Amino acid sequence: MRQDKAMIRSLVRRGTADGRVQPEEARRGRRDEPVVCERCGAMLRQRRWLQPGKHGHELLAEARWEVCPACEAQEREEYQGRVLIEGGILAGSEQAIRRRVQKVAERAELTQSQRRIVSIDAVDGKLEILTTSQKLAHRIVHELKKAFGGRASYQWLDDGCLEARWRAAAKPSARA
């Protein structure tokens, strides 16, 4: 039987194991599982923080109760993503923009419980949103551009944070 390249590649498993260490695990070391966050209810299982949900009584009885990295970051106001919203649309549609941002954050938290908004502040006629992950900041700007038009730009800073900017279009096409 002749094997083509696709079949050979699918059979090769070299390089599939993810040996990367999560930043929180590098700082604190590996935690004994299961761990439940005492603030938000997220559970650490198989080295991942999972969404708060229905956990069995046996699992909760043997779990340790600590604070998850996202809750700690929110408390210390640490962020990995910063979104700056600029432009004339802000004055007229700030509520629609805030609603859209909240919906994006809620959707992200369903799959990744550690992706959260740290704060939303109005600063000098701009809206500044701080997030616990770069990906959430990127997604917020992408969704704002998709909903309202305008321009998006992204810049990775030296400290590893993502600064995402969204400037509203002159004539908004609000589909929020």
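Here is a short round of questions and answers on how the labels for this predicted model are earned.

This is a predicted model, where local features need pLDDT of at least 70, side-chain atom pairs count only at pLDDT 80 or more, and totals for chains, interfaces and linings use all residues. Residues are numbered from 1 along each chain as its sequence is written, and side-chain values use heavy atoms, with hydrogens and water left out.

Q: What makes up the secondary structure of the protein chain?
A: Six helices and nine strands. Those come from DSSP runs: H or I over at least four residues for a helix, E over at least two for a strand, numbered from the N terminus.

Q: Why is F148 called buried?
A: Buried means under 20% relative accessible area, exposed means over 50%, and partly exposed lies in between, using a 1.4 Å probe and protein chains only. F148 comes in at 0%, so the buried label fits. F148 sits in helix α6. Its C-alpha is 9.9 Å from that of S93, with the two positions 55 residues apart in sequence. Across the protein chain, 37% of the 176 residues count as buried.

Q: How do you know that β5 is largely enclosed by the rest of the structure?
A: Count its buried residues: five of the six pass, so β5 is largely enclosed.

Q: What makes a set of residues a nonpolar core?
A: The members must be buried Ala, Val, Leu, Ile, Met, Phe, Trp, Tyr or Cys residues, joined through side-chain atoms within 4.5 Å. The largest such set here has 23 residues, and I85, I97, V101, I129, I140, L144 and W166 have the most contacts inside it. Two or more residues each come from β5 (81-86), α5 (89-111), β6 (117-123), β7 (126-131), α6 (134-148) and β9 (162-167). The most come from α6, which gives seven residues. Apart from this core lies another, of nine residues, including V35, C68, A70 and C71. As general background, nonpolar side chains tend to be buried together in soluble globular proteins.

Q: Which residues does V101 touch, leaving out those up to four places away in sequence?
A: I117, I120, I129, I140 and L144. A contact here means heavy atoms within 4.5 Å. For the protein chain, take contacts between residues at least 6 apart in sequence: 60% of them join residues at least 24 apart.

Q: How do you know what span to expect for α6?
A: The rule is 1.5 Å times one less than the number of residues. With 15 residues, α6 is expected to span 21 Å, and it reaches 21 Å from its first C-alpha to its last. After α6 comes G149, with a positive phi near 80°.

Q: What are the buried residues of α6, and where do they lie around the axis?
A: The buried ones are L136, A137, I140, V141, E143, L144, A147 and F148. They cover an arc of only 160°, which puts them on the same side of α6. That arc is taken from the directions running from the helix axis to the C-beta atoms.

Q: What makes β5 and β7 a pair?
A: Two strands pair if DSSP finds at least two bridges between them. β5 and β7 have five, and they run antiparallel; R82 has L130 as its bridge partner in β7. β5 is also joined to β9, through six bridges and in parallel, with R165 in β9 as the partner of L84. β6 and β7 are antiparallel, joined by six bridges, one pairing being D121 with E128.

Q: Why are β6 and β8 called edge strands?
A: Each pairs on one side only. The open sheet has five strands in the order β6-β7-β5-β9-β8, with mixed pairing. Neighbouring strands are turned by 15° against each other on average, direction ignored. α6 packs on this sheet, touching β5, β6, β7, β8 and β9, and its direction makes about 10° with that of β9. Axes are lines fitted to C-alpha atoms, for helices over the stretch in contact, with angles from 0 to 180 degrees between N-to-C directions.

Q: Which strands are at the edges of the four-stranded open sheet?
A: β3 (48-50) and β4 (64-66), each pairing on one side only. The order is β3-β2-β1-β4 and the pairing is mixed. The twist averages 35° from one strand to the next.
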